[in-house]
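These are my notebook entries on one protein chain. I set down what I looked up, in the order in which I looked.

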Amino acid sequence: MRPRSSILAALFATIVVTPPSWGQTPTAPPLNAKVQETLMGAYGGLMYMSADGEHMGMMAPKGSRQVVLIDGVEGPVFDEIPPFIFNIQSSIQFSPTGGRSAYVGRRGGDFIVVIDGKEAGTLFTSQTQQSVSYATNQGWKFWFNNDGSRLAYAGIAPAGGGFVMVVDGVKSPVYRAIDFRQSVMNGKRFIYVAQTPDQQWHAVVDGKPGPAYPTITYLTVTPDGTHYAYVASQQSATGPTTAVVVDGVEGKFYFGVGDLEQAPDGRVAYVATTNRGDGDRRGGEAVLIVNGVLAQRATSGAPFGPQFANTIRPSFRSPSRRVAWSPDGKGFAVIQPNTPNPGITVMVNGKPMGPTYLVADELQWSSDGSHFAYVGTSPNGTFAVVDGQELPFSTISEFQFSPDGKRYAFRAGSSVVVDGKEQSKGIALINGLLRFSSNSKHFAYGAQTTANSQAFLDGVAKPTFLGNFVSQTLVQPALSFPEVFFSPDGNHVAYVGRKQSPTARFGVFVDDVSYEGPGQSFTFPSFSPDSKHLAVFTTAGQGWAVMIDGKIGATNYDNLLPLQPNAARFVDNNTFRFYGIKGGKIYRVTVTL
């Protein structure tokens, strides 16, 4: 058998970057590349950027007036770019991709919509806006679909007293009100909830109003826009009043419905109350309905009504979720209390999976739906359960499947466990660093090993001390970058580190090659799509310079403009683009290798 060290050496040899542009000298030679700077405008004021980082907009003075610059090009002149529309903070909005933009400008008493730099009509006037209540306008915005091919927004009817929805330039009939918080543009479909003059509510699907109800809540739409569902109510003095409507088809009516959830394939789950109860705060019997079938029954014994277990660990960032759906929506899991016995059982497709526990959470499926896991807590600790088998490790956290769904990893106290095998131990693991590469072949984590920390690749400590990429705090929430950064193909890894020497400087390591810059701070790591180049920014304390494959650009920028994670990235295999601030002006900088 070959020694383990030689096997690992052979593994690492297969992922070391070999292109000639990746020199191994730490002297930071100059970057030989074509650099083009395009002026975006003066730095300052409100600035916005598309999610793909390709376009930016900013408000700027024009004498005593105001204009919006989109990618440095001035739009129409207005008396004001209003900071609030319908009592909601206004902004320049972009489609996620596709390069489309929309905002509102005021000229006199007219509030005018500007789409793609051109005036598209009056949103409302100072007079008509007095006819509606701000209380009905929560959630107003421009709705783009992902590629920008569709756009919707709502304005006040010319005569006042109602709203019209403008979808791809076509106005709807006048509605008494529109629930903007229940307006969704997914895929090619736009669905919103609107109230007609008879005070009945309708789900308007692709411009066609659905059945009328006194109330509609919980509108949810699948990411591709293919399916939708909502909770509708009817008036009844004695009978059930509430039902779930899926793709326009009305389901069974209950005395109450809540917690509507939808699977990727359009199937739904919800909590329904089956009787009126005893008239006090306890309410009546409640059931959990999944795929149209009763999956769980609960009778309220608490003052706040029936309780069903949350399938993910509750936190301020984790909303309640009663069902864990498989990626295709055909599989589902719930947590079943063992009443009157203590504890719970995890039920997968209606059948128990794994031992009983006091508590279970973090229910999750692999990306291909072939594996299922959760975390169970017993008097002896917290354990990972994979496909019904409890693993012999306790104090579990950060459980995750690999992107291809065939592997898994988690933290167990001060250890990392991958595919059921315990890896090298450190004194203390670094929170949130455990991750798989995109090709699922490699995994990385960080751990304190002495007074310093080290990066671990495939369970083996790299012979360096681990640093971190500098977070960007110019915007909130701040942009943070993982300490260990995998290339798109998953075969290369980059991290900030220094050799294990008291005099060593920090640099960026790409596999086992160190790139040192003029300073020891680095930010915005970006691999090229073909994984052959790495760009970062480095500073010596006065401005930032781009460093690509260990070579330093000639221009030092006062600061970067990190409005989005994609504000600095490779747009193709040989072109790197970022936004730099220099001399009080913003430039879009394109570096061609």
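Entry 1. Before turning to the sheet, I noted the rule for pairing: two strands pair if DSSP finds at least two bridges between them. I also noted that the model is a predicted one. With the rule in hand, I looked up β32 and strand β33 (residues 372-378), and I found five bridges joining them. The two strands run antiparallel. For one position along this pair, I recorded that Ala360 stands opposite Gly376 in β33.

Entry 2. I then asked in which order the strands of this open sheet lie. The order is β32-β33-β34-β35, four strands with antiparallel pairing. At the edges I found β32 (359-365) and β35 (389-394), each of which pairs on one side only. I also looked up the turn between neighbouring strands of this sheet, which is 25° on average with direction ignored.

Entry 3. I next took the chain as a whole. Its secondary structure consists of 57 strands and one helix. The chain has 593 residues, and 50% of them are buried. I noted an accessible surface of about 26,700 Å², with 52% of it belonging to carbon and sulfur atoms. I also looked up contacts between residues at least 6 apart in sequence: 43% of these join residues at least 24 apart.

Entry 4. I turned to the nonpolar residues of the interior. I recalled that in soluble globular proteins nonpolar side chains tend to be buried together. The largest nonpolar core here holds 49 residues. Within this core, the residues that touch the most other members are Met56, Phe537, Leu561, Phe576 and Phe578. Strand β52 (residues 544-548) gives the most to the core, namely five residues. Apart from this core I found another, of 32 residues, including Phe86, Phe111, Val166 and Val204.

Entry 5. I chose Phe576 for a closer look and asked which residues it contacts, leaving aside its neighbours within four places in sequence. Among them I listed Phe537, Val546, Ile548, Phe570, Val589 and Val591. The list also includes Ser526, Thr590 and Arg569.

Entry 6. Last, I looked up Asn186, which is found in strand β16 (residues 177-186). Is Asn186 buried or exposed? Its relative accessibility is 18%, and buried means under 20%, so Asn186 counts as buried. Leaving aside neighbours within four places in sequence, I recorded its contacts as Val221, Thr222, Pro223, Asp224 and Gly225.

Key: Residues numbered from 1 in each chain as written. Predicted model: local features only at pLDDT ≥ 70, side-chain atom pairs only at ≥ 80, totals over all residues. Heavy atoms only, no water. Buried < 20%, exposed > 50% of the residue type's maximum accessible area, 1.4 Å probe, protein only. Contact = heavy atoms within 4.5 Å. Areas by Shrake-Rupley, 256 points an atom, 1.4 Å probe, with all protein chains shown as cover. Core = buried A, V, L, I, M, F, W, Y, C linked by side-chain atoms within 4.5 Å. Axes fitted to C-alpha atoms, helices over the stretch in contact; angles between N-to-C directions.
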